[in-house]
Structures are given as C-alpha cells and as structure tokens.
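User: I am new to this structure. Please take me through it and show how each label is earned.

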Amino acid sequence: MPSETENPVKAAQERTSGGDLRLPPGPGVNLLMSVLRQKKWVDPIAHFANLAANFGDIAHYKLGSRHIVFLNHPKYLREVFIVQHANFVKERTQQRAKLLLGKGMITSDGIVHRQQRQVSAPAFHRQTIAAHADEIVRRAAALREQWNDGEKHDVHLEMMTLGLGIIGATVFSTDLGEEVDTLNRAMADIMDVYNAVVLLPGIRLLLQIPFTPLRKFVHARKKLHDAVGRFIAEHRRANATGTDLLTMLLEAQKTQGWSDEHVRDQVVTVILAGYETTAIALTWTWYLLSQNAGAEAAMHEEIDRVLGGRLPSYDDLPQLRYTEMVMAEALRLYPPAWAMGRLALNEFQLGEYRLPAGTTVLASQYILHRDARFFPDPLRFDPERHTPEAKAARTKGAYCPFGMGPRQCIGEAFAWMECVLVLATLAQRWRLRHDERHAVVAEPLFTLRPKDGMPMMVVAR
Ligand code: HEM
C-alpha cells in the first residue's frame, strides 16, 4: 500500500511491466482531446451509457496518458471490488471528493482506512442502530404534523432537513437544532459548484482565487467545518459516554493520537454519506410512488394492515416487506451513489484482458441497474423484483446500490431502517403528488440529486 504522502498514480505507473498488456476494446479516442475539441464537458452518465451500448461488458479509453476501464458486467465488478480488492485503492479517483470530505473513511486507504472502519464499526452494529428507531420515527412524525392538506413542498429539501436531524440525533447523539439550516445551505452551495470542482483541472489553485464563483465552495466548506467543529466541541465539553459514533471517535483520538482535523473529517464524511444519500433515496421514492399508483396502493395496504394506525417501531420492520421492496426498487432506478472508482496499484488480469498498473477502474450502478440482461423491462418500476425468490435468482452483483466487498457501505443497515421507518410514518397520513410542470432530471453530482429539487403536493389519505 502506498503511504499517504506517496503519489499512487506515479508509483503505480512505475510498477507497470510494459509486458504483454491486452487492452479491452474502446472508442479509440483520447477523451481529454475530444472534450477539449468539442469544448464541452461530458455528461458522465451519457458517457457511460454510450460505452456500454458500443462496447458491452468492458471498455477501455485514455484520458491524457491515463488508462481508464469502464466495467459493465457484475463478473468484472466482483473481480475488482471483492476478489482482487487488495490491488485497488480509492486514492486519486477520490482526489476531488477529498476537497469536500478531507481524509475520512470514504477517501482513505490502507491502514488509515482499516483503523477508521474498525473504530466506527460498533456504532453501526445492528443492536446499536436498533436503539435509534424510535428517534427516527419521532422526527418523521413531527414532520407529518407540520404538513397541511394541499400544501406544496420541495420534498427534496424536506427529506434533507429530516435526514440531517436524524443523523445528528442518532449517530452523533447531538441535537443539531438551528445548525440544520446552516448545514443544509452549505451543502446546497457546495453542490451548486461541485461539478466545476470535480471537473476543472488545477482546481486546488483555482479555489484560491478570490471573487470567483468557486469561492462559494470554499466559504460553504468553511461553514460546514465550523458547524461540525461546534458540535464536536459541545460533545467534548459534555464529556458524553455512550455508543454513539462521536464518543467512539473522541475515545480513539486519545489512543491513536488523531488530530482535531482528522476527527472532523470523519464526522463530516459520515454526516454527508449518511444524510445526503438517504434523503435522496427517499425523494426518488416519493416521486416514483406518485407515478405508480398500483405500488403506492399496495404499500398503503401493507402499512395500514401491519400498523393499524399506530406509529411504526423497529420490531415492525420484518412485516413491512413490501415497503422495503419499494425502497429497493427506487434504489435500483435512482441509486444515490451512482458510480464507483478505484485505482490499480499493480498490473492486473480481468477475464481475457491484462491492464497496466495505474489504470483507473470505473463502474456505474445507474447503468448496471438499468441493464435489461439483469432487470428485464428495466425502466418499469416493479417492487416485485426484490422478493426473496427474485433476489436469489438474480445475477450476483448486478444490484449494488451500497457497493460491494470490504468497502461496502458501513451504514447500509441504518439506511434501510431509516428509509422504511420514514416512508411508513409519512405514508400513513399523506400521499405526495408530483408537480408535473417540473421537469425531473437526475443530476450526477457527488450523489444523484434531483435537479431543482422535487416540488410535490401533500394530499391527505
Ligand atoms: C441509501 C443510502 C445509502 C447509499 C445508497 C449508500 C451508498 C454507499 C456506497 C455505494 C458506498 C461504497 C462506495 C465505494 O465502494 O466506492 C458507501 C460507502 C460508505 N457509506 Fe454509504 N450509502 C448510504 C447510506 C449511508 C449511511 C446512512 C451512512 C452512515 C450513517 C453511510 C456511510 C458510509 C461510509 C462511511 C462509507 C465508506 C465505507 C468505506 O469506505 O469503508 N452511508 N455508501
């Protein structure tokens, strides 16, 4: 594994044998040249869809001097993310995410990552998260009391605010109170310029220039860091004990000698990974339900039958199977984490192909989940694709909204619990109707956000 200071791309390229490489087929153009010639940035999802349509299971191209492969078959994803995972790091592919997340669990590698994951794991154990169910339901129930029949809301904003409050209160045992608005606004500002931050070359230098729109990113990131710094300081002052993640991180800081910045990066990472993704998943679910009356009615029938009008609890989850299948189907069509990337440390074999060290490997859940080979009639919203029988018959690895292998989402069980409880609590009282004048566009930023939010009308059931 490279050290934190080593340049992994350069180091990996130096390890390339130059021997018998066998590159997969591909467009044969240098993407960077083509982008510069056309003077427009590539829409990443259209780009991946294009590669999948033209080259099938695997495609190769170059970006400048860098080799890139795009994987479009579960057998290749399983090879990279599970079987050969030790040969792949997130460094470099996550360089831009680092500007936002620092050196948290999502962007780190090797021993640093293992340590972070070990320290955080107890906070995500099933027993620990079960204790958070009532708080999640309490917050969702408070939101449903605020809505009135016929009102219009940006459901994306509502889900973000709810999700942020939930993460603060549960994973970090902190009532974020008014910080929720500060954090939400900071995130919106960051996302406004995130595409530019991800795509522009030399971004670290550009961010230093005053009075450009990119400074918005720097200001928003500072607001985010300040707010997180405040609630860490408060937690420390309260000398809290317990099983929440922040207590564990602060304990680890003492034994591992972590800096305050390191702790802050862990917290920012889990907040963003934990609320942005679930809020988006719920937003897409409300939208899809509004377009699929049959599934909506079946979900309502289940919720009414299982709960009989009372609020849901952790123990109801095994009975809320259809509600969970609705969630699973929304995660298939609109996976909040829409792509994953890795960098190969050493030359490697994928099926009949041999690729050099330093290759960037990309895969997209969005493309894979809409592949008719694995999900017939892929654009149809059909929760029945997620019955236990259908799951057992499915090609292994074709459905991967939470990734796969040792870097699979640590918060997956929490996310299922939160989403099903929130859906059940809100759908007991309300159905949401999409404002058809609003064009629905999925924007592949840090997550797959609905462009311009999701305006919907609240209608009493
Ligand atoms: C619907 C909700 C969610 C989705 C779709 C999602 C998706 C993902 C995916 C795909 C990865 C792996 C990325 C990769 O391998 O490159 C990941 C990692 C991660 N997720 Fe989630 N996630 C969700 C919710 C959560 C929640 C609720 C938390 C925490 C409270 C969380 C925390 C994390 C962390 C810390 C990692 C990094 C794990 C590691 O690298 O070891 N996520 N997530």
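Analyst: Start with Met-105: one of its polar backbone atoms is 3.4 Å from an oxygen atom of the ligand. The model is predicted, so local features need pLDDT of at least 70 and side-chain atom pairs count only at pLDDT 80 or more, while totals for chains, interfaces and linings use all residues. Residues are numbered from 1 along each chain as its sequence is written, and side-chain values use heavy atoms, with hydrogens and water left out.

User: Why is the 3.4 Å pair at Met-105 called a polar contact?

Analyst: A polar contact is a pair of N or O atoms within 3.5 Å; within protein, one must be able to donate a hydrogen and the other to accept it, and residues adjacent in sequence count only if both atoms are side-chain atoms. The Met-105 pair is at 3.4 Å, so it qualifies. Lys-90 has a side-chain N or O atom 3.2 Å from a ligand oxygen. For Arg-117, a polar side-chain atom lies 2.7 Å from an oxygen atom of the ligand.

User: Which elements give two or more residues to the shell around the ligand?

Analyst: They are helix 6 (110-120), helix 14 (260-291), strand 5 (340-344) and helix 19. Helices (H or I, at least four residues) and strands (E, at least two) are DSSP runs, numbered from the N terminus. Helix 14 gives the most, with five residues.

User: What makes a residue count as near the ligand?

Analyst: One of its heavy atoms must lie within 4 Å. The ligand is surrounded by 27 residues, and His-113, Arg-117, Arg-342, Arg-407 and Cys-409 are the closest.

User: How do you know that Cys-409 is a donor of the iron atom?

Analyst: Donors are N, O and S atoms within 2.8 Å of the metal (3.2 Å for Na, K and Ca); water is not among the atoms, so sites may look incomplete. The SG atom of Cys-409 is at 2.3 Å, so it passes. Cys-409 is the only protein donor of this iron. Its place is the loop between helix 18 (388-393) and helix 19 (412-429).

User: Why are strand 9 and strand 12 called paired?

Analyst: Two strands pair if DSSP finds at least two bridges between them. Strand 9 (residues 430-434) and strand 12 are joined by five bridges, so they pair. They run antiparallel. In this pairing, His-434 stands opposite Met-456 in strand 12.

User: What joins strand 4 to strand 12?

Analyst: Three bridges join strand 4 (residues 152-154) to strand 12 (residues 455-460), and the two run antiparallel. Asp-154 stands opposite Pro-455 in strand 12.
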